[in-house]
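Biologist: Could you take me through this chain? I would like to begin with one residue and work outwards from there.

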Amino acid sequence: RVAEARMNDPDALEQLFRDRWVEMVRLARLLTGSTAGAEDLVQDAFVRLYVRWGGLRRIDRPGAYLRTAVLNGCRSQLRHRRVSDRHEARRTVLAPTATPESEALASAEHDRMVGALRSLSGRQREALVLRYYLDLPEAEIAATMGVSPGSVKTHLHRGLAALAQLLEEDDR
């Protein structure tokens with residue numbers, strides 16, 4: 001793994017790509033709900049990192065830098081989606097919300113969990129995915145989200161409670 005990448009090492013970025021591509025796509029997929037969109041977001045994050053790679057002396061934690069870039073990309077995409085959804089809601093004919101491809105690829109349990117996650121607030125969803133998918137400690141989650149560790153604890157606690165309630169309601 002790339003722990004401390006020197007900017008003059010051309011293999012370090014390639015190694016980071018091999019080590020983190022799948023993990024970052026999964027993170028973006030869980031937050032956005034779209035595999036294709038997740039791949040685009042991660043690709044954009046790597047391109048931005050590549051552009052900066054030669055201009056920086058070093059990045060102490062390239063994995064954390066990349067994770068933050070992907071998380072910020074997800075936030076931007078979700079903001080854009082909310083605006084588009086509001087605009088689309090004003091139309092008289094609603095577009096179909098699910099495609100046959102997405103239904104064929106996703107299992108019922110996965111769709112149920114992703115649906116429950118998507119109904120949480122953005123911060124709760126981010127905190128839960130970073131904690132329970134990437135298994136990050138609270139300090140790293142706080143740094144990635146740009147909040148205090150106490151806020152992370154609050155987002156995790158409230159998110160878990162809301163998620164449990166949503167899944168329990170689905171079981172009824």
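**Starting from one residue**

Modeller: Leaving aside residues up to four places away in sequence, threonine 144 touches Arg67, Thr68, Leu71, Arg75 and Leu130. Please keep in mind that this is a predicted model.

Biologist: Where is threonine 144 placed?

Modeller: Threonine 144 lies in helix α7, and with a relative accessibility of 6% it counts as buried, because the cut-off for buried is under 20%.

Biologist: How far is threonine 144 from alanine 69 in space?

Modeller: Their C-alpha atoms are 9.1 Å apart, although threonine 144 and alanine 69 are separated by 75 residues in sequence.

Biologist: You listed Leu130 among the contacts of threonine 144. Which residues make the contact between α6 and α7?

Modeller: First the geometry: the axes of helix α6, residues 122-133, and helix α7, residues 138-145, come within 10 Å and cross at roughly 135°. On the α6 side the contact is made by Arg123, Glu126, Ala127, Leu130 and Arg131, and on the α7 side by Ile141, Thr144 and Met145. By character, the residues of this contact divide into 4 nonpolar, 1 polar and 3 charged.

Biologist: Why are α6 and α7 described as oblique to each other?

Modeller: Angles over 145 degrees count as roughly antiparallel and 65 to 115 as roughly perpendicular, with the rest beyond the roughly parallel range being oblique; the axes cross at roughly 135°, and therefore α6 and α7 are oblique to each other.

Biologist: Is that crossing left-handed or right-handed?

Modeller: The crossing of α6 and α7 is right-handed.

Biologist: And α6 on its own, what does it reach from its first C-alpha to its last?

Modeller: α6 has 12 residues and reaches 16 Å between those two atoms, which is close to the 16 Å expected at 1.5 Å a residue.

Biologist: Which residues are buried in α6?

Modeller: The buried residues of α6 are Gln124, Arg125, Glu126, Ala127, Leu128, Val129 and Leu130. Among them, Glu126, Ala127 and Leu130 also take part in the contact with α7.

Biologist: What about the loop between α6 and α7, is aspartate 135 buried or exposed there?

Modeller: Aspartate 135, which is found in that loop, has a relative accessibility of 56% and therefore counts as exposed. Its backbone deserves a look as well, since aspartate 135 has a positive phi of about 55° although it is not a glycine.

Biologist: Where is proline 137, and how accessible is it?

Modeller: Proline 137 is also in the loop between α6 and α7, and at 43% relative accessibility it counts as partly exposed. Its C-alpha atom is separated by 10.0 Å from that of valine 152, which is 15 residues away along the chain.

Biologist: Changing topic, what does arginine 29 touch?

Modeller: Arginine 29, which is found in helix α1, residues 10-32, touches Ser34, Thr35, Ala38 and His110, again not counting residues up to four places away in sequence. The C-alpha atoms of arginine 29 and cysteine 74 are 9.0 Å apart, with their positions 45 residues apart along the chain.

Biologist: Finally, how many helices and strands are there in the chain?

Modeller: There are 8 helices and 2 strands, and from the N terminus on the elements run β-α-α-β-α-α-α-α-α-α. Buried residues make up 35% of the 172 residues in the chain. Of the contacts with a separation of 6 or more, 68% are accounted for by residues 24 or more positions apart.

Note on methods. Residues numbered from 1 in each chain as written. Predicted model: local features only at pLDDT ≥ 70, side-chain atom pairs only at ≥ 80, totals over all residues. Heavy atoms only, no water. Axes fitted to C-alpha atoms, helices over the stretch in contact; angles between N-to-C directions. Helix = DSSP H or I, 4+ residues; strand = E, 2+ residues; numbered from the N terminus. Parallel < 35°, antiparallel > 145°, perpendicular 65-115°, else oblique. Left-handed = near helix turned anticlockwise from the far one by under 90°. Contact = heavy atoms within 4.5 Å. Nonpolar A, V, L, I, M, F, W, Y, C, P; charged D, E, K, R; others polar. Expected span 1.5 Å × (residues − 1). Buried < 20%, exposed > 50% of the residue type's maximum accessible area, 1.4 Å probe, protein only.
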